Each structure stands twice: as structure tokens, then as C-alpha cells.
Amino acid sequence: MTRRDGGFSRRGGLRWGVAAVSATIVCGCERAGPQVQMVKGRLLVDGEEVGGVTVMFTPVDDKGMAAVGRTNAEGVFQLTARRGHQFGAGTTVGRYKVTISKQVLVDERTGRMEETMPYRFMKLEQTPLDCDVTADVNAPEFNVISKPR
């Protein structure tokens, strides 16, 4: 309902507000986009379980969706991808380069952090790690050798 001065009355404004919220709920529940696949894997460093390692999946082509996970004390990680402002478990089907990183605090006074993973595993252009995410079960295992033999 409009008032004579062109503004909305409280009652009419309330009706429009309820209608707008209802339309958002009905229309906004489903988001179109690629199907996300669950990815839960394991990372070992020199054959040992290591917690607190960030595992990043970066798509090789523009069809995939970047995703990240963090290892627990047993070296197990689960990927989470971001689509817009929503996060979801896993990532889309496709081929991915995998990078890893673990920083530790070395100087509490200055806040200086130090990387503990070998450089080649942190850089997308150098990492030898890759993974194919499929529509089936995705449980990749990586054993990173950090020490030269």
C-alpha cells in the first residue's frame, strides 16, 4: 500500500517484506553448479603421520574447483571447496595438482614462522603430486619424501 506522499505504509511494507523473504527461501534453496565429490585422503611425510599440514588441490584446467584441507594427527585430511560464499566438503571431478605446506612458529616474540615442507611440494609449478578426483570413492594417499637419500 502506498501513502499519498509516495512512501509505503508499515502494513503494506511488512507484506512486501514477507513476500520477498518467502520468494528468497523458495527460489534460493538450490544452487546450480558442478557436483561436488567427497575427498578424504592421507598424507605421510617420510612414512610418518604428520598433523597440521595444509593440503591444497588446484585444478589443472578451468573445469575444477580449488579445495583445501588440513591433516589431523594421523595425517588424514578432508577437502573443503568454496563456491561463492558457501563452503562444501570435497571438490569437483577433474585433475588436480597438489601442494602442501606446514608452517611452525620459530620466534614467539617476533611471530616469525618457518616452512617445514620441502620447497618443491609448496610450488604449483614444481610439485610432483597430482590427483584425479572421480565420481567414485576419492581417498588419495601421498607419501612425501622430504629427506634426500
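In this predicted model, a polar atom of the Thr91 side chain lies 2.4 Å from the backbone oxygen of Met65, and the Thr91 side chain also makes a polar contact with the side chain of Tyr96. A polar contact here is a pair of N or O atoms within 3.5 Å, where, within protein, one must be able to donate a hydrogen and the other to accept it, and residues adjacent in sequence count only if both atoms are side-chain atoms.

| Atom or group of Thr91 | Partner | Distance |
|---|---|---|
| side-chain polar atom | Met65 backbone oxygen | 2.4 Å |
| side chain | Tyr96 side chain | 3.1 Å |

Thr91 is found in strand E9 (residues 91-92), strands being DSSP runs of at least two residues, numbered from the N terminus. Thr91 counts as buried because its relative accessibility is 0%, where buried means under 20% relative accessible area with a 1.4 Å probe and protein chains only.

Along strand E14 (residues 141-144), Phe142 and Val144 point to one face and are buried, whereas Glu141 and Asn143 point to the other and are not. Strand E2 (residues 40-45) pairs with E14 in the parallel sense over four bridges, and pairing requires that DSSP finds at least two bridges; Arg42 has Glu141 as its bridge partner.

Phe142 is also among the residues with the most contacts inside the largest nonpolar core, which has 22 residues. Such a core is a set of buried Ala, Val, Leu, Ile, Met, Phe, Trp, Tyr and Cys residues joined through side-chain atoms within 4.5 Å. Its largest share, three residues, comes from E10.

Residues are numbered from 1 along each chain as its sequence is written. Local features need pLDDT of at least 70, side-chain atom pairs count only at pLDDT 80 or more, and totals for chains, interfaces and linings use all residues, while side-chain values use heavy atoms, leaving out hydrogens and water.

Key: Buried means under 20% relative accessible area, exposed over 50%, partly exposed in between (1.4 Å probe, protein chains only).
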